[in-house]
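Thanks for making the time. I will go through one structure, sheet by sheet, then the helix packing, the ligand and the confidence.

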Amino acid sequence: MSMTTASAAVGSVCFPRSRIRGSSFHPRMSIRSSGSSTDTLSSVTQILTKLHKDCATPVPVLRHVADSMANDMRAGLAVDGSSDLKMILSYVDALPTGNEKGLFYALDLGGTNFRVLRVQLGGTDQRVIATEAEQVSIPQELMFGTSEELFDFIASGLAKFAEKENGEFQLSQGRNRELGFTFSFPVKQTSIDSGVLIKWTKGFAVSGTAGRDVVACLNEAMKRQGLEMQVSALVNDTVGTLAGAKYWDNDVMIAVILGTGTNACYVERTDAIPKLPGQISKSGTTIINTEWGAFSTGLPLTEFDRGMDAASINPGEQIFEKTISGMYLGEIVRRVVLEMAETGSLFGSSIPEKLQTPFSLRTPHICAMQQDTTTNLDAVGSILFNEAGIESNMGARKMVLEVCDTIAKRGGRLAGAGIVGILQKMEDDMEGLIFGKRTVVAMDGGLYENYPQYRTYLQDAVTDLLGPALSENIVIEHSKDGSGIGAALLAAANSKYKP
Ligand code: ADP
Ligand code: MG
C-alpha cells in the first residue's frame, strides 16, 4: 500500500460521534500543546519514514536472517546451550502410520485458549471415523495464578468434555482413556510422555510449574478431578501439527505455528544431531522442536520493539516471537501510533488514555483495519474509536493503516525467511531431497489463518529468497487444527497398550 500524507488534516474529525455505535466515549485524555499543523504533519511523516526504513526487509536482510537461522540450528544441534535455538529433541520418532485404531483424546494448551478433542481411529481403510472438539478460553487471572489452579481448571474442562462421549466414540475393552497433550511452551522433554517446563512464555506467569514435569502436573490434576485418563504423548504444538499433517501427506517435512506465539519443528536425521544421547531412534529420523521464537540474529528492529521488549515480562528473550507473532503485532502498532499522537499530534491535541494502555490495540484489530474497503475507512475509524479512544480523520486513518501494513509486512516476511532458513539447513544435509522434490510446510495458528496480508507477505518472502523455480517445489499449506488430531495420533502411536 502506498500513501500520500499531504492530505492528513491533523486534528479535524471526519464523522460525528453519534455514528459510532456500541461505544461509550468518556475521554480521559492528556492534553498536549500542538505546534502548527504543518509541523505536526511533518513529524508524523518523519516517524513513518523512519519506521519504513527500520522495518525494511529487502532480500539481503532476509537472506542474512535465513542464513543465521540455519547456523543457529546447527549450533543448537551440536551442544545444548550454545545457540538462541534450543533445538529440543521431541522423542517422536514413531510417527503415525495410519494403522492406529481406537478412541484417543487430545488436549491443546496454547496461550489464549485450550482445546479438547476426541477422535475415533479406524485403521488403514477407515482412518478418522469421527472427531469432536471444544474450545475453552483461559481466564486472565489463571495466567498469573498457581500451577495447581491452572491445571485443575484444564482437567475439569477435560472431564466435562469426556462426560459427553457418546455412541460414535468407543473405548476398547480393558483400556483406560489415553491423551495426547499438546503443550506449546518450551519444555525439556525426557521421554515421549514426560517433560520439564523450562519457562512460561506468551505472557504466562504461573507460579510453581517451571522445573516440573508438566505431564505429572496434568495427570495429578486429572486424578483430583476423578477423571480416568492418562497422558501417552507430550507434544509441542508444532510437533502435533507435523504429525497430523504427515498422516495425510508424506511430503510434510516442517511445521510452523503462527498464533499468539510462534515456533517451528522439522524432520531431522539422527546422524545430524551431535548432541544426541546415544541411539534413540530406530527410524533414523526424529522431529526437532526448534523453539525458533528465541531467534534474534540480524532482525530489523525499531525503538518501538525495544520499548515493548523492555516492558515485557521476559525482556531480551523471544525476540523473533515478539517481531512476528500475534501477541505482539498489535502492540507494536499501538506504540508507533502513540508516538505519532504524542510528537506529531496525529489525532489533535489530546492523547486518549486507551491509546496509552499497553495491548489495547490487538493483532485482530490491526488485521480487521487492513480489511476495510470502504471509501471513508469507516471500520478503521470505529476500531480506532472503540479500542483506542481515538477520533480520526481520513488522513490519520490512512496513516494508521500504513503503520499496520509496515508491521505486518515485516512480520510476514521475516517468518518466510525463517522457513527458508530451515529448508536451507535441511537441503545442505540432504542435497536434492528438499528443493529437488515436492516439500510441504504445514502451517497453523490464528495469525496465519486469519491475516491474509500477512500470509501473502510470508509467501512473497519465500519466493523472493528461493526464486520462482525452487519455490514451486515448496508448498506452504494451512493445516487447520492439525495439532489436535496430531497429538491424538501420537497418543495412539505411542499407546501404553499393545495393538
Ligand atoms: P494459540 O496460539 O494461543 O494456540 P491460536 O493459534 O488460535 O491460539 O492463535 C490465536 C492468536 O491468533 C491470537 O492471539 C491473535 O494474535 C491471532 N489472531 C486471532 N484472530 C486473528 C485475526 N482475525 N487476525 C489476526 N490475528 C488473529
Ligand atoms: Mg496453538
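Start at a single pair of residues: T439 has I474, in strand 15, as its bridge partner. That pair belongs to a parallel pairing, with five bridges between strand 14, residues 439-444, and strand 15. Before going further, note that this is a predicted model.

Strands 14 and 15 sit at one end of an open sheet of six strands, ordered 2-12-11-10-14-15, with mixed pairing. Its edges are strand 2, at 88-89, and strand 15, at 474-478, each of which pairs on one side only. Across this sheet lies helix 6, residues 237-248, over strands 10, 11, 12 and 14. The angle of helix 6 to strand 10 is about 135 degrees.

Now the other sheet. It is open as well, with five strands in the order 5-4-3-6-9, and again the pairing is mixed. Strand 5 (128-137) and strand 9 (229-235) are the edge strands, pairing on one side only. From one strand to the next, the twist averages 20 degrees. Inside this sheet, strand 3 (101-109) and strand 4 (113-122) run antiparallel and are joined by nine bridges. K101 stands opposite G122 of strand 4.

Helix 6 turns up here too: it packs on this sheet, touching strands 3, 6 and 9, at about 120 degrees to the direction of strand 6. Helix 5, residues 214-224, lies across strand 6 and strand 9, and makes about 160 degrees with strand 9.

Next, a helix pair. How do helix 7 and helix 9 pack? Their axes are 9 Å apart and at an angle of about 115 degrees, and the crossing is right-handed. From helix 7 the contact uses F304, D305, G307 and M308; from helix 9 it uses Y328, E331, I332, R335 and V336. By class, that is five nonpolar, one polar and three charged residues.

Helix 9 also matters for the next slide, the ligand. Ligand 1 is surrounded by 18 residues, the closest being G110, G111, G259, G326 and G446. Helix 9 (326-344), helix 10 (363-370) and helix 13 (446-450) each give at least two residues to that shell. Which classes make up the shell? There are 13 polar residues, five nonpolar and no charged ones.

Last, confidence. Mean pLDDT for the protein chain is 90, with 91% of residues at 70 or more. Residues 1-29 are below 50, although the stretch has 45 contacts in the model beyond near neighbours in sequence. Where pLDDT is low, predicted coordinates should not be read in detail.

How values were computed:
Residues numbered from 1 in each chain as written. Chains lettered and ligands numbered in written order. Predicted model: local features only at pLDDT ≥ 70, side-chain atom pairs only at ≥ 80, totals over all residues. Near = placed C-beta within 6 Å. Helix = DSSP H or I, 4+ residues; strand = E, 2+ residues; numbered from the N terminus. Nonpolar A, V, L, I, M, F, W, Y, C, P; charged D, E, K, R; others polar. Pairing = 2+ DSSP bridges. Contact = placed C-beta atoms within 7 Å. Axes fitted to C-alpha atoms, helices over the stretch in contact; angles between N-to-C directions. Left-handed = near helix turned anticlockwise from the far one by under 90°. pLDDT = per-residue confidence, 0-100.
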